[in-house]
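The exercises below ask for a description of how the parts of a model meet, each followed by a solution in steps. Please work through them with the structure at hand.

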Amino acid sequence: MKVNVKVNGQNKVFNIEPGDYLLDTLRKENYLSVKKGCDNSSCGVCTVLFDGKPIKSCSLLTAKTEGHEVTTVEGIQKEADKLSDYFGAEGADQCGYCTPGMALSVHALKEENSNPSDEEIKEYLTGNLCRCTGYQSQHIAIRNYLEDK
Amino acid sequence: MKVVKHALPSVDGKGLMMGRPAYTDDLADPNSLIVKVLRSPHAYAKIVKIDTSKAEALEGVEIVLTYKDFDRRPHTRAGQGFPEPSPYDKFVLDQWVRYIGDETACVAAVDEETAQAALKLIEIEWDILEPILDFETALDNEILIHPEPEIFENFPIGFDPKRNLAAAYSMEVGNVEDSLKECDVVLEAQFFTQAQAHAAMEPHTVNARMDYQNRLVLYTSTQAPFHIRRIVSQSLDFPMSRIRVIKPRVGGGFGGKQHIHGELLVSTVTIKTGKPAKMVYTRKEVFESSFQRHPMRLDIKLGAMKDGTLKAINCHILSDTGAYGEHALTVFMVAGAKVLPLYNKVDSVKFYGDVVYTNHTSAGAYRGYGAIQGNFAIESAIDMLCEKLGVDPIEFREKNMMLKDETSPIFAIMGEGTEGTAMNMESCELGYCVSRGQELLKWKEKYPRVELADSKVRGVGMAIAMQGSGIPYIDMASATVKLNDDGFYNLLVGATDIGQGSDTVLAQIAAEALETTLDKIIVYSSDSDLTPFDTGAYASSTTYVSGNAVFKAAMDMKRAIVKEGALALGVKVEDIEYDGVVLKAGDKEITLKALSNRLYYSEDQKQLMITNSYFGTKSPPPFMAGFAEVEVDTETGEIKIVEYVSVVDCGTPINLALAKGQVEGGIVQGIGMAVYEEVLYTKTGKSINNNFLNYHIPTRKEINKLTTEFAESYEESGPFGAKSVGEIGIDTPPAAIANAVYNAVGVRIQTLPITPEKILAGILANKAKK
Ligand code: FES
Ligand code: FES
């Protein structure tokens, strides 16, 4: 079947099987920033924005994106570039496998809530797991980014 | 120092966050065959008959592999120095399967769905055998997990498969039995540590293709690319000269990727079909069919005098290596070798035990590598002993622990599967770490407990730890520095960046030595055709061993530049002054930029490219003191880690931000092991928690406050004074948290993890006693 979806501002037509998940479609279509880390929607490295809201692309059927907008990190390069400066300053990126998904979640958080509390940041990002950093450096980096320090 | 000891951003972090294709699966040929493995549903069984004809007949299936397609060539999947101290007890595919999830057969097909469908069409008649699932019953059990005749050990490691023994070891300094008799107080305690999953975010991934020279090119998410090349060649009998292994960016390792995973099967598919192929583990496969931390039972006896002098340590360990013996001996030995020297003033110390096979997922290398297990037992037992003695546990440690310029006889006796190397502690700021950590946590105000409102109690506990910096006389690393026109450099290293930031750290060392800036060092690592050798990212070796190789090569390059500068200026080498930018002799001068252009294009043309290598003659330990403050709910047993303070002596932290990242990442994995994580099995040996919903790694909600500092310390033998920092962070949380829980509520947990259920049971038992 064919699906019409706007990816990173561009209209796309994807040729898919009805059971295909968005994560696999995106990787097949060369949006390689979207990573796969688990089998049951529990790690967050596949995060993309669906009409501006972070979702796990591994658990959304591509068919359901018909007429919607999807954003990957390729679509927020400027923001990711800037956020990565804050991550770099804190050593908050190690293997980097979690960071494209994180960048999308942080971007969406910023759009929704320009002045979140520490608890709100943690709550919003809790589904974005990171096994490398121990989280605190990421938290400081995200806080500084949101406060534009 | 201008570049070293600064918090510089990593060289790759930005590109990775921006989503540039960089990991193994991103770089697979889009036409790759999809390789899938049929995994054993039985903990122990023999294939009586296997029929793959239906699978082969399925449209889109390219090849099906079973044990019949492979010569019986025993090897180990452990990526270690060669010859390995791990038994050669694994076949690529075997007629026997030894745990649920073991490799039974393999399919390569045009797409995932076809591969999955083909797996279901493979028909197997099994002879189901009774497994061993309790490691305490494995030794001398009548069931034999490895009865096959072909397997062997490379040199004596205590391997005795007729007793289900993968390895065994014992050593004694002095006479522990006699010393214990002389002691005023003797403490005996038993501890259990659990299997922990590595849970790196990137699943094990490998892709292969034949290149235009008909050579096999593997991209693989590995910590040890050169070992991978060797093992692929050995086990498939394929010439090493026709294999290229490239390690792209790797999404975390923690020891889990210090093993063969899909490389042998994917290589076989590509060699046999000539087609590109790839394998990406599912998360379930990562949990069930890769590796995990060795579960251990540790029996400790400590003897001390009333005045608080520790006299004797007796440590017996039974370790569970699971179905295969990767890292069996060495992890076991590190549980002693990198814990016991902390208390170097004892009269006698004994360390011995066995590593047994069971029908569980194989255990293997995992950050801490035995030291975390040993640390939990010894550092818990020290607190227990102090209570018996009525002495303060910190004063006791300060009195008995390793200090600068001291040594331990254990260093010479215990190495990595072989004899060790004697060494003095030329850098050791453990005393500072202990006192600074108390200040940071406000220990004196909080010890042992503070009662809050609503049934909540806070307690503090601590532990000290050490690790190593590479494996002396075994680990070798090398580096090549190449000068380009315009005066910038390539740094080629075999060292393996798996996310810990070694490309950045090594580039910083090169930049500092060459007196240039980080942007002038273009680092490329881990490509068996293009970069020089390195044993790999393990054993806390990269900053120290690979760093020393980089330092040597960079200093050689600087001398070569000065020599060429002298030639260009027509002066003697001794007359040159060089600051990394301009070469001066009296009133003559030439910039590096001009000199490098001259060398490329105008006069005395040549390529300056210099390789040097390093292997350690000792393994200077980093040290740390870890302090935990926990809050326990006395009604539910629930536990919260309020704060974790780490004060670390890793010599010079080459990159302050990345070194801190190593410590904090390790601490949080250690907190995971202490309170949240445990690989669980059913009675039949099936994994219960093979996904992130059921296996809880810490999320950002559980992490409240990490305070991390470095001691001022300088290790003469390290590059710019550095020691390692990759593993030390993980060692202290289990013991420090167990001690804190005890101080909070009087419940001593000796079996990890420290769960609310165990704490509550302890609280209730204490109440019942009163
Ligand atoms: S891949 Fe893990 S949540 Fe989607
Ligand atoms: S940096 Fe490795 S998972 Fe987050």
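**Exercise 1.** Characterise the interface of domain 1 and domain 2 of chain A in this predicted model, beginning with how many residue pairs are in polar contact.

*Solution.* Step 1: between domain 1 of chain A and domain 2 of chain A, 8 residue pairs are in polar contact, counting pairs in which both residues have pLDDT 80 or more. On the side of domain 1 that touches domain 2, the strands β3 (47–50) and β4 (53–56) of chain A each supply at least two residues, and by class that side has 6 nonpolar, 8 polar and 4 charged residues.

Step 2: across this interface the rule finds 1 salt bridge. A:Glu112 forms a salt bridge with A:Lys53, and the closest N and O atoms of the two are 3.6 Å apart, which satisfies the criterion because that criterion asks for a side-chain nitrogen of Lys or Arg within 4 Å of a carboxyl oxygen of Asp or Glu.

Step 3: domain 1 of chain A spans 2–73 and domain 2 spans 75–146, and their centres, taken over C-alpha atoms, are separated by 21 Å. The contact takes 18 residues from domain 1 of chain A and 18 residues from domain 2 of chain A, while the area that the two domains bury between them is about 1300 Å², with 63% of it on carbon and sulfur atoms.

**Exercise 2.** Describe the interface of chain B and chain A, from its extent to its polar pairs and the elements that supply it.

*Solution.* Step 1: the contact involves 54 residues of chain B and 49 residues of chain A. The two chains bury about 4100 Å² between them, of which 54% lies on carbon and sulfur atoms; in chain B, the residues that lose the most area to chain A are B:Met17, B:Met201 and B:Arg700, together accounting for 24% of what that side buries.

Step 2: the rule finds 7 salt bridges across the interface of chain B and chain A. B:Asp26 forms a salt bridge with A:Arg27, where the closest N and O atoms are 2.6 Å apart. The count of residue pairs in polar contact between the chains, both residues at pLDDT 80 or more, is 29.

Step 3: the helices α1 (13–17), α7 (283–289) and α17 (656–676) of chain B each supply at least two residues of the side that touches chain A, and the largest share, 8 residues, comes from α17(B). Divided by class, the residues on this side of chain B are 25 nonpolar, 17 polar and 12 charged.

Technical notes:
Residues are numbered from 1 along each chain as its sequence is written. Chains are lettered from A and ligands numbered from 1 in the order in which they are written. This is a predicted model: local features need pLDDT of at least 70, side-chain atom pairs count only at pLDDT 80 or more; totals for chains, interfaces and linings use all residues. Side-chain values use heavy atoms; hydrogens and water are left out. Contact means heavy atoms within 4.5 Å. Buried area is the accessible area (1.4 Å probe) that two parts lose on being put together, summed over both. A polar contact is a pair of N or O atoms within 3.5 Å; within protein, one must be able to donate a hydrogen and the other to accept it, and residues adjacent in sequence count only if both atoms are side-chain atoms. Helices (H or I, at least four residues) and strands (E, at least two) are DSSP runs, numbered from the N terminus. Ala, Val, Leu, Ile, Met, Phe, Trp, Tyr, Cys and Pro count as nonpolar, Asp, Glu, Lys and Arg as charged, and the others, Gly among them, as polar. Domain bounds come from an automatic or database domain assignment.
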